[in-house]
Amino acid sequence: MKAVIMAGGQGSRLRPLTCDLPKPMVPIVNYPVMEYIINLLKKHGVTEIAVTSYYMTKYIEDYFENGEKWGVNLKYFVEEEPLGTAGSVHNAVDFLDETFIVISGDAVTDFDLSEAVTFHQQKEADATLVLAREDIPLDYGVVMTDDGGEIIRFLEKPNWGRVFSDTINTGIYILEPSIFELYQKNKKYDFSKDLFPLMLRKGKRLFGAALEGYWNDIGSLDEYHQTQFDLLSGDIKLPLNSCGVMDGDIYVEDKVEIDDTAELTGPLYIGKGSVIGQGVKLNNCVIGRNCRIESHSSLKKSVLWDNIIISPNVELRGTILANNVQVKNKAAIFDKTAVGKRTVIGRESRVKPGVKIWPEKEIAEQTEVDSSIVWPTRWSKNIFSNKGIVGLSNIDITPEFTASIAVAYGSTLNKGDEVVVSSDSYSLSNALKRSLIGGLQAAGVDVIDIDDSTTSITRFAVVNLKASGGIHIRASYKESDKTVLEFLNEQGVNIPVNGQKGIEKKFFSRDYNRVSIQEIGDYAYAPEMQKNYLDSLLANINREGIKRNYFSVVMDYEYDSLGNILPLFLKRLNCQLLSTRNFSPEHNTPLSIDKRLTASARVARIMQDNDSDLGIITDHNGEELYVVNKEAKVLSKAQYQVLLSYILFEKGYKYLPLPVNAPQVIESMAEEYGAEVEYTEINPQVAMEKYYSNLRGEHGDIEYYPFADMIAGLALILEKMAIDNISIDQLLNRLPEFYLNNAEIACQWEYKGKVMRRLSAEADNDAEMVDGIKFQHPHGWALVVPDSERPVFHVYAEGQDLEAAESLTGFYLDKVKEILGE
C-alpha cells in the first residue's frame with residue numbers, strides 16, 4: 001500500500017502564523033502537523049509515500065528530507081502552478097501503481113486507516129471516501145450514502161438551504177490507479193468538484209466509510225488553538241513526543257529548567273531547552289523549544305512556538321505566539337489573539353482580544369492594540385511603494401484598511417475638497433472602492449466616482465475636473481493575488497514622498513479629521529470620463545490621417561477592464577480590431593502581464609492571416625504596451641521607450657524627462673533634434689511629473705503620459721505610421737540600435753548603505769548619482785541602484801554591442817559581491 005500526502009496548503013485562514021510557513025509545517029504541540037500524518041501512515045504499514053506540494057515546498061523538503069528519520073520513503077512531486085487536489089495527485093501517477101491512500105498534510109486525525117482500506121477492498125470500490133460527522137458542515141463537502149455505504153449524492157460547501165447531511169468528506173481517500181484514466185495530467189482538476197461527480201455519472205463504484213475518531217482540518221485559528229489541547233488532553237489518540245512526564249499531565253522535553261517556585265498546572269507541554277523562571281504561573285499551555293519565561297509572568301491556555309522571550313510580569317491569556325516573538329515587561333495579550341514571528345510587544349502594552357499581528361512588527365511601549373495589524377513587513381514604517389499601496393488582496397488590502405487609509409488621506413486635505421475615485425472592473429476592487437468612498441466622505445471630502453476606469457483615465461479626470469486628487473484601485477497585473485491603491489495629486493501624478501508621509505502619519509497616529517454630520521462629503525457619479533478622455537486624446541493627434549489608412553490592429557487585451565474603451569477608440573479612428581483574448585480566465589483576477597505576453601505567437605498568426613498592420617499586447621490597466629510584429633517578435637520596454645521618444649522628437653518635443661536607466665541612444669537622438677533629455681529617478685512617477693509640469697500647454701492640452709498610457713502610446717504610433725505612410729517594421733527600422741543588459745544581486749537591507757558608500761568612493765567625476773550610481777565608460781555605461789522595496793541591487797548596462805553590455809553588467813555584479821564578501 002502506498003500513500004499521497006497533499007502538502008500544498010497555504011493556510012491563509014491561519015495568518016499571521018502562515019505568512020511565511022506552509023500550513024503542513026504549522027506545529028501542533030511543537031511538531032509539524034504533517035509529522036503526525038507520516039507517523040499515522042507508518043503505524044498502518046504505509047511507508048512508500050508521495051508528497052505533492054506547491055507553496056513554500058523548501059520548508060517541507062528541508063525538514064523531512066527523504067523520510068528516513070521516520071522510517072518511511074518520501075518522494076516529492078512539486079507543482080509549477082496549482083493543479084487542484086486531483087491534478088496534484090496525478091503528478092505522482094508513475095509512483096502510484098497500486099491501491100493508495102490520499103491524505104491531507106495539514107489536518108490532524110487518529111482515524112484507523114487500516115479499517116478504511118479493509119472496507120475499500122471488501123466493497124471492491126474504485127474510490128472510498130473517509131467520512132466524519134460535523135455539526136456545522138458549511139465549510140466542507142457534504143456526502144450522502146445508502147445503507148451499504150455507496151455514495152448517492154454529495155455537494156461541495158453548501159449553504160444551509162442545501163445541507164442534506166452532517167456527514168462530511170474529510171479529504172482522506174482510498175483510490176485505485178484506474179482513476180487516472182478519467183482525467184488528464186497537468187490539468188487543473190479537483191476530487192470533490194470534478195472527479196467524484198464524473199465517477200458517479202460513469203457508474204463507478206464510489207463508497208463512503210464513516211470512521212470513528214478525531215479529525216480536524218485546523219481551518220481557523222480557533223481550531224488550531226483547540227487542537228493543541230485536544231492532543232494534550234488525550235482526545236486525539238496520537239502519541240506525544242515528550243521525553244518525560246511530571247504529575248501525570250505535565251510533559252517535559254530534554255534540558256528544560258524550571259524554577260522551584262514556578263506553579264505548573266496541566267495539561268502542559270514544555271519544549272526542549274526552555275527556561276521557566278521564578279514565580280511563573282503556567283496553566284494549560286504549550287511551550288515551544290528554547291523559550292524563556294521570566295519571573296512572575298502568568299500564562300493560561302496559550303500556545304508558544306520556539307525561541308520566544310517573555311519578560312517579567314507578563315500576562316498571556318489564550319494567545320498564540322509564533323517563533324522569536326518578544327513580549328516585554330508588564331505587557332498583556334488576551335484571548336483569541338495571534339502574533340506573527342519576530343514581533344516585539346513593547347513594555348506595558350496591551351493586545352486586546354481577537355487582534356492579529358502580522359510578522360516582524362514592533363509595538364511601542366504602553367500601546368493599546370485594539371485592531372489587527374495586517375500589513376506586510378515593510379509597512380512597519382512605510383505603507384507606500386513606488387506604485388502606491390500594494391498588498392495581498394483581501395488580506396492586506398481589505399475594506400476596513402481601505403476605509404481607514406481613505407480617512408487618513410482625506411485628513412490631509414481641506415474639508416470640501418474634491419477627490420476622483422475609480423477602480424477596475426473586478427468585484428473586490430469595486431467593494432474596496434465603496435469602503436474608500438465612505439472613508440473620504442467621513443473626512444469631509446467630496447467624492448467624484450468615475451466608475452470602472454484605468455489609471456490613465458483617472459489621471460485625466462483629476463485634471464479635467466480640477467479635483468484636489470484621485471485614487472484608483474486595481475488588481476495588480478504583475479502579481480494577480482495583490483491589489484494596488486494609486487493616490488494621485490492635483491496634477492494627476494502619483495503623490496510624491498512628502499504627501500505619502502503625511503498620509504502615513506495620519507494613519508498610524510489615527511489623527512483623523514472628524515467632521516460633523518452636516519459636513520459629511522458629497523458624492524457625485526461621473527461615468528462620462530472615458531468618453532471625455534478619448535475626445536481630448538483624439539483632439540491632439542492627426543485623427544483624419546489615421547482614419548484614411550483603415551489600419552487593422554490585432555490586440556491581446558482584457559475585455560473586463562478595457563472592453564469598452566479600446567473598441568471605441570479604434571472605431572473612432574476607422575481601425576479594425578481583431579481580438580485574440582477578450583476575457584479574463586479567472587474572472588476575479590487579471591492575467592499577469594508575463595502570461596499575457598505568451599500570446600505573441602497567436603497575435604503574429606492572426607496578423608499574418610489577416611494581413612494586419614499592427615499587433616499589440618497590453619495589461620488589464622492599459623498601462624504597458626508591447627508591439628508585436630508578424631514574426632512574433634515583441635518590442636522590449638527599452639525599445640518601446642526609444643520608439644516613443646523618436647515619435648515625440650519628430651512631433652517637435654524639445655524636452656523629454658526619462659528614468660536614468662533608459663537607453664542612452666535616446667540622448668543621441670535628442671541632440672539630432674535639438675532637444676534635451678533630463679534623467680530622473682527610476683520611479684516612473686518622477687519622470688511623469690516633470691513631463692506634465694514642463695509640457696502642458698506647449699503641445700496641446702497634454703493630459704496623458706504615453707510611456708504609461710498604452711492608448712496614448714498606440715495613438716502616437718498609428719499617427720506616425722499614417723503621416724509617413726509606413727508600416728510598423730519600417731518605423732522600427734528607423735530607430736538606432738542599442739544593447740542593454742540588466743541583472744540583480746541579493747543584498748540584505750543592512751548592507752546596502754555599505755555597498756553604496758564603497759561604490760561612491762570609487763566613482764569618478766563623470767559618475768551620475770540621480771538614482772544609484774551611473775558609471776560612464778568609453779563604450780557604454782553601467783548603473784548600480786538599490787531596490788527600494790526588495791533586498792536586492794539592480795545593475796543596468798548599455799554597451800556598443802551585447803558582449804560589452806554583458807561584460808559591464810558582470811563587472812559591477814562582481815564588484816558588489818566583492819564588497820559584500822568583505
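Select aspartate 724 to begin: at 24% relative accessibility it counts as partly exposed, a class that lies between buried, under 20% relative accessible area, and exposed, over 50%, as computed with a 1.4 Å probe on protein chains only. Add lysine 720, which at 8% relative accessibility counts as buried, and display the contact between the two side chains, a salt bridge whose closest N and O atoms are 3.0 Å apart. Both residues belong to helix α20 (residues 710-724), where they are four residues apart and therefore separated by about one helical turn; helices (H or I, at least four residues) and strands (E, at least two) are DSSP runs, numbered from the N terminus.

The model on display is predicted, so that local features need pLDDT of at least 70 and side-chain atom pairs count only at pLDDT 80 or more, whereas totals for chains, interfaces and linings use all residues. Residues are numbered from 1 along each chain as its sequence is written, and side-chain values use heavy atoms, with hydrogens and water left out.

Next come further salt bridges, of which the structure holds 34, each being a side-chain nitrogen of Lys or Arg within 4 Å of a carboxyl oxygen of Asp or Glu. Select glutamate 368 and lysine 352, whose side chains meet at 3.2 Å, N to O. Glutamate 368 is in strand β35 (residues 368-369) and lysine 352 in the loop between β32 (350-351) and β33 (356-357), so this salt bridge ties together parts that are 16 residues apart in sequence. Glutamate 368, at 47% relative accessibility, is partly exposed, and lysine 352, at 34%, is partly exposed as well.

Move on to glutamate 486 and arginine 474, which form a salt bridge of 3.0 Å, N to O. Glutamate 486 lies in strand β40 (residues 482-488) and arginine 474 in strand β39 (residues 469-475), 12 residues apart, and the pair links distant parts of the chain. Both of these residues are buried. Extending the selection to Lys387, Arg459 and Glu623 shows a network of salt bridges in which these residues are linked with Arg474 and Glu486.

Turn now to the aromatic side chains, where rings of Phe, Tyr and Trp (its six-membered ring) pair if their centres lie within 6.5 Å, with planes under 30 degrees apart counted as stacked, over 60 as edge-to-face and the rest as tilted. The count by this rule is 23 aromatic pairs. Tyrosine 63 and phenylalanine 64 make an edge-to-face pair, because their ring centres are 4.8 Å apart and their planes stand at 80°. Tyrosine 63 is partly exposed at 30% relative accessibility, whereas phenylalanine 64 is buried, with a relative accessible area of 1%.

Select phenylalanine 460 and tyrosine 533 next, a pair that is edge-to-face because the centres are 5.9 Å apart and the planes at 80°. Since phenylalanine 460 lies in helix α9 (residues 455-464) and tyrosine 533 in helix α11 (residues 529-539), the pair ties together parts that are 73 residues apart in sequence. Phenylalanine 460 is buried at 2% relative accessible area, and tyrosine 533 is buried at 1%. For an aromatic cluster, select Phe100, Phe180, Tyr183 and Tyr189 together.

The last stops show a charge over a ring, which requires NZ of Lys or CZ of Arg within 6 Å of the ring centre and within 35 degrees of the ring normal. At lysine 2, the charged end sits over the ring of phenylalanine 95, 4.5 Å from its centre. Finally, select lysine 774, which lies over the face of tryptophan 781 at 4.3 Å from the ring centre.
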